[in-house]
Amino acid sequence: MAIHPDPALHCLLVTLCSLKPRLFPLLPFLLWTLLSCDLRGAAQGPGEWTPWGSWSRCSSSCGRGVSVRRRQCVRLPGEELCWGDSHEYRVCQLPDCPPGTTPFRDLQCSLYNGHPVLDTQKTYQWVPFHGAPNVCDLNCLAEGHAFYHSFGRVLDGTPCTPGTQGLCVAGRCLSAGCDGILGSGTLEDRCGLCGGANDSCLFVQRVFRDAGDCPILTHHQRLRNTVERGVPLTSLAPGSQGSC
Ligand SMILES: *[C@@H]1O[C@H](CO)[C@@H](O)[C@H](O)[C@H]1NC(C)=O
């Protein structure tokens, strides 16, 4: 990329060079130049992100996988990097894989079967090895031998360990927030709203107070109960038995 001279700086330098021999008497003029060169307009601060691109296809053809979208940082000369991530990953859930489908990690290990991957010409059959430190490395055990080999990172969307929710993305094990975005850390608030600020709860305590048989529920469960049954709140009389 070409380096463009900062226009404000260029303007200032040209003025200074032309005035050098007579600099001192011209101090007021110099000050005026400084201001009119619009130094405030010089680029500073972070650049700006383009809008997000569209989500990619799911990394898997069945079951859970990841989908990615990207954005680019647009920077003027002198601007800093944009804040935030250039990639965002979300979980995609396709219909379950048919029984007997080779798990994604097993498949990746098995790609090295029969190939001389180490220094010797010997070949091995490779199966996943789950005892190595980084779960997002493709650690494969040479079947019938007492060693494993790490073939670098697993592909994005590989489960970190069998039977858990985390997925590997760029070599890191991430779990999805309630917004489905991997690594977002977004949680449901106490009103059951994803990423909420605990301020959307409806308090319907009075409606249920005298209902003798009702189990004791939390506010949130009460709300859910009422909403799920589609009973308008105003039609419930205190003590009405049909609402449990
Ligand atoms: C909502 O309430 C929970 C539990 O009371 C608390 O841990 C959390 O920080 C609150 N969230 C916000 C956004 O205030």
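1. Helices and strands are DSSP runs here, a helix (H or I) having at least four residues and a strand (E) at least two, with numbering from the N terminus. On that basis Asn 198 lies in the loop between β9 and α4, the latter spanning 205-208. The model under review is a predicted one, and the points below should be read with that in mind.

2. On confidence, the chain has a mean pLDDT of 78, and 66% of its residues reach 70 or more. The pLDDT is below 50 over residues 225-244, although this stretch has 24 contacts in the model beyond near neighbours in sequence. Residues 33-40 also stay under 50, and for them the model has nine contacts beyond four places in sequence.

3. As to the overall fold, the chain has five helices and nine strands, which follow one another along the sequence in the pattern α-α-β-β-β-β-α-β-β-β-β-β-α-α. Of its 244 residues, 14% count as buried. Where contacts join residues at least 6 apart in sequence, 45% of them link residues at least 24 apart.

4. An open sheet of three strands, paired in the antiparallel sense, has the order β5-β6-β7. The edges are formed by β5 (126-128) and β7 (148-153), and each of these has a single partner strand, so one side of each is left without a neighbour in the sheet. Ignoring direction, neighbouring strands of this sheet are turned by 40 degrees against each other on average.

5. The pairing can be followed residue by residue from β6 (residues 137-142), which is joined to β5 in the antiparallel sense over three bridges. Pro 128 has Cys 140 of β6 as its bridge partner, while Val 127 stands opposite Leu 141 in β6. Towards the other edge, β6 and β7 pair over four bridges, again in the antiparallel sense, and here Leu 141 stands opposite Tyr 148 of β7. Leu 141 therefore faces Val 127 as well as Tyr 148 in the pairing, with β6 itself largely enclosed by the rest of the structure because five of its six residues are buried.

6. The connection between β6 and β7 is a hairpin with five residues between the strands, and Gly 144 in its turn has a positive phi of about 80 degrees. Most residues other than glycine have a negative phi, and two further backbone positions deserve a check against that background.

7. One of these positions is Ala 170, which lies in the loop between β8 (167-169) and β9 (172-174). Ala 170 has a positive phi of about 50 degrees although it is not a glycine. Its surroundings hold 11 other C-beta atoms within 10 Å, and Ala 170 is exposed because 12 or fewer such atoms meet the criterion. From C-alpha to C-alpha, Ala 170 is 9.2 Å from Gly 157, the two being 13 residues apart in sequence.

8. The other position is Asn 198, whose phi is positive at about 65 degrees although this residue is not a glycine either. Asn 198 counts as exposed, with 9 C-beta neighbours inside 10 Å. It also belongs to the residues around the ligand, which are Asp 189, Arg 190, Ala 197 and Asn 198. By residue class, this shell divides into one nonpolar, one polar and two charged residues.

Methods. Residues are numbered from 1 along each chain as its sequence is written. This is a predicted model: local features need pLDDT of at least 70, side-chain atom pairs count only at pLDDT 80 or more; totals for chains, interfaces and linings use all residues. A residue is near a molecule or strand if its C-beta atom, placed from the backbone, lies within 6 Å of it. Ala, Val, Leu, Ile, Met, Phe, Trp, Tyr, Cys and Pro count as nonpolar, Asp, Glu, Lys and Arg as charged, and the others, Gly among them, as polar. pLDDT is the predictor's confidence in each residue, from 0 to 100. Two residues are in contact if their C-beta atoms, placed from the backbone, lie within 7 Å. A residue is buried if 20 or more other C-beta atoms lie within 10 Å of its own, exposed if 12 or fewer, and partly exposed in between; C-beta atoms are placed from the backbone. Two strands pair if DSSP finds at least two bridges between them. Axes are lines fitted to C-alpha atoms, for helices over the stretch in contact, and angles run from 0 to 180 degrees between N-to-C directions.
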